Amino acid sequence: MMEVYFGDNRYVELNRNSSKPLYYQLKEHLKSAIVNGVYRPNDRLPTEDELCKQFSVSRPVVRQAYNELIKEELIERRKGSGTYVKSQKTQKSFFRDFCSFSFEEGIEDLQAQSKIVKIEQFTDSNICKRLDIEENSSIFHIERIVHEHEIPLSMIESYMPCSYFSNFENYALLTVDKTLIWLVETMYGITIKKAKRNLNVTHLTEEKSAFLHANVDDIAFEIETKYIDNFDRIVILEYTTALTDIIQMSLEIKR
């Protein structure tokens, strides 16, 4: 058994008596450090020589561990520069999603690529004001983390007036693999006719930084969306938060 300092304020182990190959153990340690934000997108990873010395393993072991992470699209080699955590910018345009009707509808596999981390009912005067309902009205709140290759990309917070959605707690878990808009229109017969969206730049709160594996006060994009029904009521107030260093803003303009 060998313990080595791994750079995230803890010791990790390579077990030479394990049935798991050394390259696999090293890959899993590196992957855990990436997923948990020890190494962030575009961070330079240790060189092969550094890892060889740190873990007392041969270069082929380190190289195979890196090759496995490259296959999983978590890291990339940059010629003449080194090995880096791959930026998780998706092929789809974040700006195009900004112009689309729903961010949730842009998630290819909602159940696999997102996780609901909170469902609650509470009262908040500021949220009530944004929903244009009476102060101290009860509100449903849902938080969802969107990820790719196990790395969190964005956080979606949704607020809904309880008075519009009786027994919502009985349907809330349906949003694991369905969008809120689907739930509102299918289960409650409410037609959403339009959405109003604003883009802001903000600093991450402590809670959001923990969920997104970032630092407190890091800069992030925050998109506020108000979904409005046929009676001009705001039925969903949504905030989508995404780190500025892992998203891509692009727009194709045709003449």
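Okay, let's start with Asp232: its relative accessibility is 51%, so Asp232 counts as exposed, since the cut-off for that is over 50%. Keep in mind throughout that this is a predicted model.

So where does Asp232 sit? In the loop between strand E9, residues 219–229, and strand E10, residues 234–243. The backbone there does something you'd want to look at: phi at Asp232 is positive, about 60 degrees, and the residue is not a glycine. E9 and E10 form a hairpin with four residues between them, and Asp232 is in that turn.

Now the two strands of the hairpin. How many bridges hold E9 and E10 together in the pairing? Nine, and the sense is antiparallel. If you want one pair to click on, take Lys226, whose bridge partner in E10 is Leu237.

E10 has another partner, strand E7. E7 and E10 also run antiparallel, this time over six bridges. Here you can pick Met155, which has Thr241 as its bridge partner in E10. And is E10 buried or exposed? Of its 10 residues, 10 are buried, so E10 is largely enclosed by the rest of the structure.

Staying with E7, let me point you to Glu157, which lies in that strand. The relative accessible area of Glu157 is 7%, and the limit for buried is under 20%, so Glu157 counts as buried. What do we find around this acidic side chain? The Glu157 side chain makes a polar contact of 3.4 Å with the side chain of His141. There is also a polar contact of 3.4 Å between the side chains of Glu157 and Tyr159. Leaving out residues up to four places away in sequence, Glu157 touches His141, Ile142, Glu143, Lys208, Leu237, Glu238 and Tyr239. Leu237 is the residue we just met as the bridge partner of Lys226.

Next, follow the chain out of E7. The loop between E7, residues 151–161, and helix H7, residues 168–171, holds Asn167. Asn167 is another non-glycine residue with a positive phi, again about 60 degrees. With a relative accessibility of 46%, Asn167 counts as partly exposed.

That loop brings us to the aromatics. The count of aromatic pairs comes to seven. Take Phe165 and Tyr188: their ring centres are 5.0 Å apart and the planes are at 90 degrees, so this pair is edge-to-face. The pair links distant parts of the chain, with Phe165 in the loop between E7 and H7, and Tyr188 in the loop between helix H8 (180–187) and strand E8 (192–203), 23 residues apart. Both Phe165 and Tyr188 are buried.

Which residues do ring pairs link into a cluster? Phe140, Tyr164, Phe165, Phe168, Tyr171 and Tyr188.

Last topic: charges over rings. Tyr164, one of the residues in that cluster, has the charged end of Arg233 sitting over its ring, 4.3 Å from the centre. There's also Lys178, which lies over the face of Trp182, at 5.2 Å from the ring centre.

So if you open the model after this, I'd go round in this order. Begin at the E9–E10 hairpin with Asp232 in the turn, then step across E10 to its antiparallel pairing with E7. From there, look at Glu157 and its polar contact with His141, and finish at the edge-to-face pair of Phe165 and Tyr188. That's my tour, thanks.

Conventions:
Residues are numbered from 1 along each chain as its sequence is written. This is a predicted model: local features need pLDDT of at least 70, side-chain atom pairs count only at pLDDT 80 or more; totals for chains, interfaces and linings use all residues. Side-chain values use heavy atoms; hydrogens and water are left out. Buried means under 20% relative accessible area, exposed over 50%, partly exposed in between (1.4 Å probe, protein chains only). Two strands pair if DSSP finds at least two bridges between them. A polar contact is a pair of N or O atoms within 3.5 Å; within protein, one must be able to donate a hydrogen and the other to accept it, and residues adjacent in sequence count only if both atoms are side-chain atoms. Contact means heavy atoms within 4.5 Å. Rings of Phe, Tyr and Trp (its six-membered ring) pair if their centres lie within 6.5 Å; planes under 30 degrees apart count as stacked, over 60 as edge-to-face and the rest as tilted. A charge sits over a ring if NZ of Lys or CZ of Arg is within 6 Å of the ring centre and within 35 degrees of the ring normal.
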